[in-house]
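Subject: Handover of a structure, with findings

Dear colleague,

Please find below the structure that I am handing over to you. My notes on its contents follow directly after it.

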Amino acid sequence: MNETSVGRRRLLKMFGLSATATTAAIVQADPVLAATLGYDERIGVAPATYEPPGGLAKDSAAKKTALDWIRANEGVITKLSDAVWQHAELSLREWKSSLATARLLTKNGFTIEWGSAGLPTAFVATYGNSGPVLGFNAEYDALPGLSQKQGVPTHDPLVYNYDAYGPSYGAGHGDAHNALGAGGTAAAIAVAHAIRTHGLKGTVKLFGSAGEEQLVGKAYAVKAGVYGGLDAFLDWHPFNITVPFWNTTSALISATFTFLGASGHGGTPLGNRSGLDGALLMATMSEYLREKNVAPSGRFHYAIIHGGGAPNVTPDMCSIWFFVREGSPDRARILYDKIVECAKAAAQASQTRLVHKFHSATWNLLANKAGAELLNDNMRQIGPPAFTERDHALAKAVQKALGRPEVGMPTELTPLAPPAASYSGGLATDTADISWQAPTAVLLSAAYPSGVPNHNWGVTATAATNIGHQGMLSAARYLAAGAVDLIDQPDRLEAMKQEFKGRTAGIHWTSMIPDGTQPPLYEPPADFLRRTGQSWPPEGMTWPVPQVVATEQLGTTGPNLPPVT
C-alpha cells in the first residue's frame with residue numbers, strides 16, 4: 001500500500017467518512033447533509049473515475065509578488081507563530097495572541113475593528129475597498145492540559161502544575177492554532193501586498209476568531225452578521241497530511257449541565273445532596289444511549305468541571321460539559337434532546353436542581369468543489385511542504401513515543417478526491433457556519449507527524465518547530481496563490497459562486513444559537529481594553545453574569561443520628 005492510499009484512508013477515518021454507501025437515502029431525509037455529500041453525486045462526480053482538472057492556477061506577476069512576500073517574510077511569520085505558541089492562551093482569553101496578530105496586520109496596512117459579536121479577542125482586519133471581497137481566518141486559542149516542551153519527542157510538559165492530590169498540565173497548542181493563525185494572516189497580507197503593488201481591484205478581510213476550540217467565535221459572529229458581504233472565504237487547518245478539503249464535518253452543540261445540591265461531611269452523608277452524583281448519573285445514563293440511540297455519524301463526549309475539592313466534603317455543585325456531534329443540524333438536535341432528557345432524569349434521581357446552559361452550536365461544513373480544485377492546482381504547482389532530515393527524525397521519535405508507525409513526515413501531497421457517499425461522524429469547525437454564507441475553500445497542510453491525532457501533546461511538541469513552520473508557510477502560499485487567482489480570474493470566482501448557489505438551493509440557513517443567548521465571556525485585563533479601544537462590558541451583554549448558587553435544603557433522612565466527627 002502506497003503513501004497516497006494510506007493518506008486517503010487516514011483522511012476518511014479522521015473525518016468520519018465512508019466510501020461504501022450511496023446518497024439516495026440522505027438526499028431524501030436530510031437536505032443539509034445532501035448538500036454536502038449528495039450534490040457531487042447528483043452532478044455526476046464519481047470517486048472511482050474522478051480526475052482533478054488542471055490549468056486552473058495561472059502564473060501572474062501578482063501571484064509572484066504574493067509568494068515573494070511570504071518568502072521574504074518567513075522570519076516574521078514564524079516569529080508570530082512561535083510567540084502565540086509560547087503564550088498558549090485558552091479560548092476566549094487570547095489577549096496577547098490576538099494583539100500580536102493584529103499588530104502585524106496593522107503594520108502591513110490593515111485597519112482593525114475589535115470586539116466582533118461582543119467577543120473581546122475577535123476582530124476584523126480590512127485592506128482595500130473595491131472588487132471582490134475575500135475572507136481569511138486566524139485562530140489563536142490553545143487547549144487545556146496539552147502543554148509540552150518545544151521539539152521534545154517524549155511527553156514532557158512545559159507547564160506542570162504541582163498539587164499533592166491532583167497535578168495537572170498547563171495549556172498548549174495541541175491543535176497548532178499558533179500556526180493556523182499566523183498562516184492565515186500571512187496569506188491575507190501577501191494578497192494585500194499584491195493588490196497594492198499591481199493596482200488590482202480586491203478587498204481582503206482577515207477575521208481574528210476567538211474561542212474556536214469551543215466553537216464560539218465564528219458561530220456568534222456569523223449570527224451577528226460579521227461575515228456578511230464576502231465573495232469567498234479561504235481557510236486552512238494544520239493536519240498530518242496535505243490536501244484540499246472537499247468534505248463535510250459534524251454539526252455540533254455545546255452545553256453545560258450543572259447539578260446543585262446541599263453540601264455536608266463525607267463521613268456523615270445522610271441528607272447530603274451531591275452535585276457530583278448528578279453529573280455522574282447523567283454521564284452513566286448517556287452512555288446507555290450509545291447502542292440504540294446514536295447513529296454511526298453521531299458522537300457525544302464530556303468533561304466534568306469542578307467535581308469537588310476533597311472526599312470529606314460532599315460537593316453541592318458540579319458541572320458536566322457536553323459536546324454533541326452529528327452529520328447535520330437536525331440530526332444533532334435530535335441527539336442533543338436525548339442528552340437533555342438524561343440530565344433531567346439524573347437531577348431527579350440525585351435529588352439535585354439542574355441548571356442547563358447552552359453555550360454554542362454550529363452547522364456542518366459546506367465544502368466547494370470548484371474552490372478545492374483551484375487550491376489543488378496551486379498546491380500541485382507550488383509543491384508539498386519541504387521537511388528536513390532533522391524534521392523526519394523528530395517526527396519518528398514522536399511517533400515512536402505514541403506507538404505509531406515511525407514513518408516521519410509526509411513527502412507528497414495527498415491526491416484530491418470527491419467526498420465519500422456517506423458520513424459516519426468526525427471533527428467539527430465553526431468555519432462551517434461561514435461556509436453557508438459564502439463559497440468556502442479549505443485545505444489541510446502537514447504541520448505535525450503522520451499518524452499523530454490533533455489535540456495531543458505530540459502536536460504541541462512540533463507546532464513551533466520547523467515541522468510546524470513548513471506546514472504553515474506552505475499553507476500561506478497555497479491560500480495566497482488561490483486568492484490571487486480568484487481576483488485575476490473572475491470565472492474561477494464565479495464557478496465557486498454558482499456551485500454555492502446549487503448546493504444551497506432550497507436550504508435556509510439559520511443559526512443554531514437561540515436568539516438572546518449570551519456567548520461565554522471572560523473580562524479582559526484593563527491594559528487589553530485600553531490597547532484595543534474597547535469598553536467593558538460589551539454592548540448588550542450582561543456583566544457580571546448571574547451567579548449559579550446552590551440554595552437547596554438538606555434531604556430528609558428519618559430519625560436524627562448522633563454526629564460522627
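A cavity, as the word is used here, is a set of grid points among the protein atoms where a 1.4 Å probe fits but cannot get out. Please also keep in mind that this is a predicted model.

Cavities

By that rule, the count comes to two cavities of 30 Å³ or more. The largest cavity has a volume of about 50 Å³. Its lining consists of 13 residues, and those nearest the centre of the largest cavity are Ser116, Ala122, Gly208, Ala221 and Tyr227. Three elements give two or more residues to this lining: the strands β3 (123-127) and β7 (203-209), together with helix α8 (217-223).

Salt bridges

How many salt bridges are there? The count comes to 21 salt bridges, where a salt bridge is a side-chain nitrogen of Lys or Arg within 4 Å of a carboxyl oxygen of Asp or Glu. I describe several of them below.

The pair formed by Arg503 and Asp40 has its closest N and O atoms 2.8 Å apart. Arg503 belongs to helix α17 (residues 490-504) and Asp40 to helix α3 (residues 31-42), so this salt bridge ties together parts that are 463 residues apart in sequence. Are these two residues buried or exposed? Arg503 has a relative accessible area of 2% and is therefore buried. Asp40 is likewise buried, because its relative accessible area is 2%; the cut-off for this term is under 20%.

A second pair is Asp527 with Arg530, whose closest N and O atoms are 2.4 Å apart. Both residues lie in helix α18 (residues 526-532), and because they are three residues apart there, about one helical turn separates them. Asp527 is partly exposed, at a relative accessible area of 36%, whereas Arg530 counts as exposed at 61%. Salt bridges that share partners also join residues into a network, made up of Asp40, Glu499 and Arg503.

A further salt bridge links Glu291 to Lys292, with 3.3 Å between the closest N and O atoms. Both of these residues are exposed.

Cysteines

How many disulfides does a search of the whole structure find? The search finds zero disulfides. Cys318 and Cys342 show why: the sulfur of Cys318 is 16 Å from the closest cysteine sulfur, which is in Cys342, and this is too far for a bond. Seen from Cys342, the closest cysteine sulfur is that of Cys318, again at 16 Å and too far for a bond. The cut-off for a disulfide is a pair of cysteine sulfur atoms within 2.5 Å. As for their surroundings, Cys318 is buried, with a relative accessible area of 0%. Cys342 also counts as buried, at 8% relative accessibility.

Surface

Finally, I draw your attention to the surface, where Tyr160, Tyr162 and Tyr169 make a nonpolar patch of about 400 Å². Where is Tyr162 placed? Tyr162 sits in the loop between β5 (160-161) and β6 (168-169). With 68% relative accessibility, Tyr162 counts as exposed, since that term applies over 50%.

Yours sincerely,

A colleague

Key: Residues are numbered from 1 along each chain as its sequence is written. This is a predicted model: local features need pLDDT of at least 70, side-chain atom pairs count only at pLDDT 80 or more; totals for chains, interfaces and linings use all residues. Side-chain values use heavy atoms; hydrogens and water are left out. Patches are made of residues with over 30% relative accessible area and no salt bridge: like charges are joined within 9 Å, nonpolar side chains (Val, Leu, Ile, Met, Phe, Trp, Tyr) within 5 Å. Accessible areas come from the Shrake-Rupley method with a 1.4 Å probe; for residues, only the protein chains shown count as cover. Helices (H or I, at least four residues) and strands (E, at least two) are DSSP runs, numbered from the N terminus. Buried means under 20% relative accessible area, exposed over 50%, partly exposed in between (1.4 Å probe, protein chains only). On a 1 Å grid over the protein atoms alone, a cavity is a set of points where a 1.4 Å probe fits but cannot get out, and a pocket is an open set with protein on both sides within 12 Å along at least five of seven lines; lining residues have an atom within 4 Å of a point. Grid points are joined across faces, edges and corners, and a volume is the space filled by probe spheres set on the points.
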